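Please open the model in your viewer and keep the sequence panel visible. The tour below proceeds by selection, one stop at a time.

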Amino acid sequence: MSPRTVCLGWHWLPYRYSRTADDVNGAAVARFPNSLGDLGRRAVAAAYGDGAVSYEPHVALINFYEHEAHLGMRQDKDERANDPIVSLSIGDDCIFRFGNTDNRGRPYTDITLRSGDLFAFGGPSRFAYHGVPRVLPNSAPRGGRHHTWLAQLNASRHRAVLAPHKPRAAAVFTI
Ligand SMILES: O=C(O)CCC(=O)C(=O)O
């Protein structure tokens with residue numbers, strides 16, 4: 001079972017973004033809130049230093065995972081910017097699999113993300129394959145896992161040069 005996704009700012013369809021939810025009901029996408037942009041900037045500044053204050057995310061993908069939901073290994077390549085991704089977890093713990101930039105398999109690192117954890121990844125790790133093999137049911141009081149994924153869409157069209165080695169560790173911290 002896949003997570004259910006709602007987008008803010010831009011709607012993500014596999015392989016592209018649009019301003020309307022074309023594969024759902026054609027409705028205009030809800031505004032991306034400034035507060036999430038601020039949170040993303042603080043996260044990127046904490047992970048990468050002061051140079052990150054120009055971070056300007058434009059889209060949030062909010063995933064809701066039922067207990068059985070999982071997300072296969074993927075690379076986030078549909079943005080036009082190579083700026084970091086910021087992930088915020090609320091609710092049940094999950095196993096987040098953070099892989100390499102070459103393929104869906106090993107080497108990867110399994111990290112337990114808990115409610116309130118922020119995870120930022122950019123630089124040589126920006127195009128690392130990643131996924132959620134499982135949620136740990138009932139590890140939070142209300143069940144299920146909400147997850148918000150922030151990305152910057154509008155910088156240049158250049159892709160990051162992918163590092164041929166295992167990505168450097170990204171930052172995980174709790175708010
Ligand atoms: O839910 C997560 O922690 C990962 C979400 C994700 O990788 C995505 O939406 O592309």
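**Helix 1**

The model is predicted. Begin by selecting residues 34-48, which form helix 1. Its 15 residues reach 21 Å from the first C-alpha to the last, close to the 21 Å expected at 1.5 Å a residue.

Within this selection, highlight Gly 40, Ala 43, Val 44 and Ala 47, the buried residues of helix 1. Because they cover an arc of only 95° around the axis, they lie on the same side of helix 1. Next, rotate the view to the face of helix 1 turned away from its buried side, where the exposed residues Asn 34, Ser 35 and Asp 38 are found. Then step past the end of the element: just after helix 1, Gly 49 takes a positive phi of about 100°.

**The whole chain**

Now select the chain and colour it by secondary structure. The chain contains one helix and 12 strands. Read from the N terminus on, its elements run β-β-β-α-β-β-β-β-β-β-β-β-β. Of its 175 residues, 32% count as buried. A contact map is a useful companion at this stop: among contacts between residues at least 6 apart in sequence, 80% join residues at least 24 apart.

**Thr 20**

Proceed to Thr 20, located in the loop between strand 3 (16-18) and helix 1. Is Thr 20 buried or exposed, given its C-beta neighbours inside 10 Å? It has 13 such neighbours and therefore counts as partly exposed; a residue is exposed at 12 or fewer and buried at 20 or more.

With Thr 20 still selected, add Trp 10 and draw the C-alpha to C-alpha distance. Thr 20 and Trp 10 stand 7.4 Å apart in space and 10 residues apart in sequence. Then display the contacts of Thr 20, leaving aside its neighbours within four places in sequence: these are His 11, Gly 26, Ala 27, Ala 28 and Val 29.

**The shell around the ligand**

For the last stop, select the residues around the ligand: Leu 61, Asn 63, Leu 71, Arg 74, Asp 76, Ser 87, Phe 96, His 130, Val 132, His 147 and Trp 149. Which elements give two or more residues to this shell? They are strand 4 (59-65), strand 5 (71-74), strand 10 (130-135) and strand 11 (145-151). Colouring the selection by residue class completes the view: the shell around the ligand has five nonpolar, four polar and two charged residues.

Terms used
Residues numbered from 1 in each chain as written. Predicted model: local features only at pLDDT ≥ 70, side-chain atom pairs only at ≥ 80, totals over all residues. Helix = DSSP H or I, 4+ residues; strand = E, 2+ residues; numbered from the N terminus. Expected span 1.5 Å × (residues − 1). Arc of directions from axis to C-beta. Contact = placed C-beta atoms within 7 Å. Near = placed C-beta within 6 Å. Nonpolar A, V, L, I, M, F, W, Y, C, P; charged D, E, K, R; others polar.
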